[in-house]
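Q: Please take a close look at one helix of this model and its packing. Then follow the surroundings outward, including any empty space.

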Amino acid sequence: MYEVTDDHVIGKNGIPVPYSYLQPDSSSDTLVILLPGYGYTNDSPMFRYTTGLCIENGLNVLEVNYHYRDERYDSVDVNKAIVDDVRLVIDQILHTNSVQQYIIVGKSLGTVAMASELTRNVFHDAKLVWLTPLLKQDDIYEAIQSHKGQQMILIGTADQHHVDERMKRLEHLALIELEIVKEMNHSLEYTGETYRSLRLLETLLKRVEQFIMSS
């Protein structure tokens with residue numbers, strides 16, 4: 001069993017940013033922070049089941065549940081909003097909980113906030129899972145290269161954010177595990193192939209769980 005605390009912060013744009021903090025019965029000093037994408041939320045398969053696996057393994061989970069498709073964000077620069085909003089949520093959790101190890105899982109737009117958070121000392125050696133990162137953005141590419149902790153990058157060849165030249169350079173970094181999936185798109189699926197995509201989901205979840213739980 002586990003306890004769920006649902007709360008929110010007021011973002012820099014005056015819009016509430018909800019989050020859920022999940023704590024298993026067994027005590028843990030590890031916090032997994034989930035930063036989903038623009039349309040791929042914490043209710044989407046990869047994040048929903050990653051949360052479940054973390055809880056089953058006794059890890060605390062912070063789900064940041066921003067909703068930038070809301071019409072209230074129509075005139076807002078979402079790339080700036082997510083940086084501010086995620087920091088506000090994380091600050092609120094850090095003020096009230098004791099954590100020794102951090103694991104951050106970010107996808108797509110979530111990797112924008114992820115790269116920004118890595119400038120803070122508290123995350124200098126956090127374990128990172130980059131799901132379909134926005135590799136065309138220099139700040140994200142540079143954050144991956146400069147990070148001192150273990151990292152896994154998972155991206156598909158059919159993802160518009162796959163940059164072959166940059167991926168080849170990242171292959172040579174010692175602390176990075178690179179997973180390039182042929183034909184997988186930005187939604188972590190095979191276009192038009194439902195059952196094949198379901199089998200892929202299981203494979204990806206096992207790979208992420210293995211990385212998160214490794215010492």
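A: The description starts with one helix, moves on to what lies around it, and ends with the enclosed and open spaces.

The model is predicted, so local features are given only at pLDDT of at least 70 and side-chain atom pairs only at pLDDT 80 or more, whereas totals for chains, interfaces and linings use all residues. Residues are numbered from 1 along each chain as its sequence is written, and side-chain values use heavy atoms, with hydrogens and water left out.

The helix is H2, residues 78-96; helices (H or I, at least four residues) and strands (E, at least two) are DSSP runs numbered from the N terminus. H2 has 19 residues and spans 27 Å from first to last C-alpha. This is close to the expected 27 Å at 1.5 Å a residue, where the expected span is 1.5 Å times one less than the number of residues. Val78, Ala81, Ile82, Asp85, Val86, Val89, Ile90 and Ile93 of H2 are buried; buried means under 20% relative accessible area, exposed over 50% and partly exposed in between, with a 1.4 Å probe and protein chains only. These buried residues lie on the same side of H2 because they cover an arc of only 145 degrees around its axis, the arc being that of the directions from the helix axis to the C-beta atoms. An α-helix has 3.6 residues a turn, so residues three or four places apart point the same way. Lys80 and His95, on the other side of H2, are exposed.

The partners of the buried residues of H2 are strands E1 (2-10), E2 (16-24), E3 (30-35) and E4 (60-64), together with helix H3 (110-117); contact here means heavy atoms within 4.5 Å. The loop between E1 and E2 holds Asn13. Asn13 is partly exposed, with a relative accessible area of 39%. Leaving aside neighbours within four places in sequence, Asn13 touches Val76 and Ala81, and Ala81 is one of the buried residues of H2. Another of these is Asp85, whose C-alpha is 8.9 Å from that of Asn13, although the two are 72 residues apart along the chain.

H3, the helical partner of H2, is largely enclosed by the rest of the structure, because eight of its eight residues are buried. They are Gly110, Thr111, Val112, Ala113, Met114, Ala115, Ser116 and Glu117. The cover over them includes E3, H2, strand E5 (101-107), strand E6 (127-131) and helix H4 (138-146).

Ser108 sits in the loop between E5 and H3. With a relative accessibility of 10%, Ser108 is buried. Apart from residues up to four places away in sequence, Ser108 is in contact with Gly37, Leu131, Thr132, Leu134 and His186. Its phi is positive, about 50 degrees, though Ser108 is not a glycine. Most residues other than glycine have a negative phi. Leu188 also has a positive phi, about 65 degrees, without being a glycine. Leu188 is in the loop between strand E8 (176-181) and helix H6, and is buried at 5% relative accessible area.

Leu188 leads to the open space, as it is among the residues lining the largest pocket. On a 1 Å grid over the protein atoms alone, a pocket is an open set of points with protein on both sides within 12 Å along at least five of seven lines, a cavity is a set where a 1.4 Å probe fits but cannot get out, and lining residues have an atom within 4 Å of a point. The largest pocket has a volume of about 170 Å³; grid points are joined across faces, edges and corners, and a volume is the space filled by probe spheres set on the points. H1 and H6 each supply at least two residues of the pocket lining, with H6 giving the most, four residues.

The count of cavities of 30 Å³ or more comes to one, and the largest cavity holds about 50 Å³. Its lining is made up of Thr50, Leu53, Cys54, Asn57, Leu205, Val208, Glu209, Ile212 and Met213. Helices H1 (45-56) and H6 (194-213) each contribute at least two of these, and the largest share, five residues, comes from H6.
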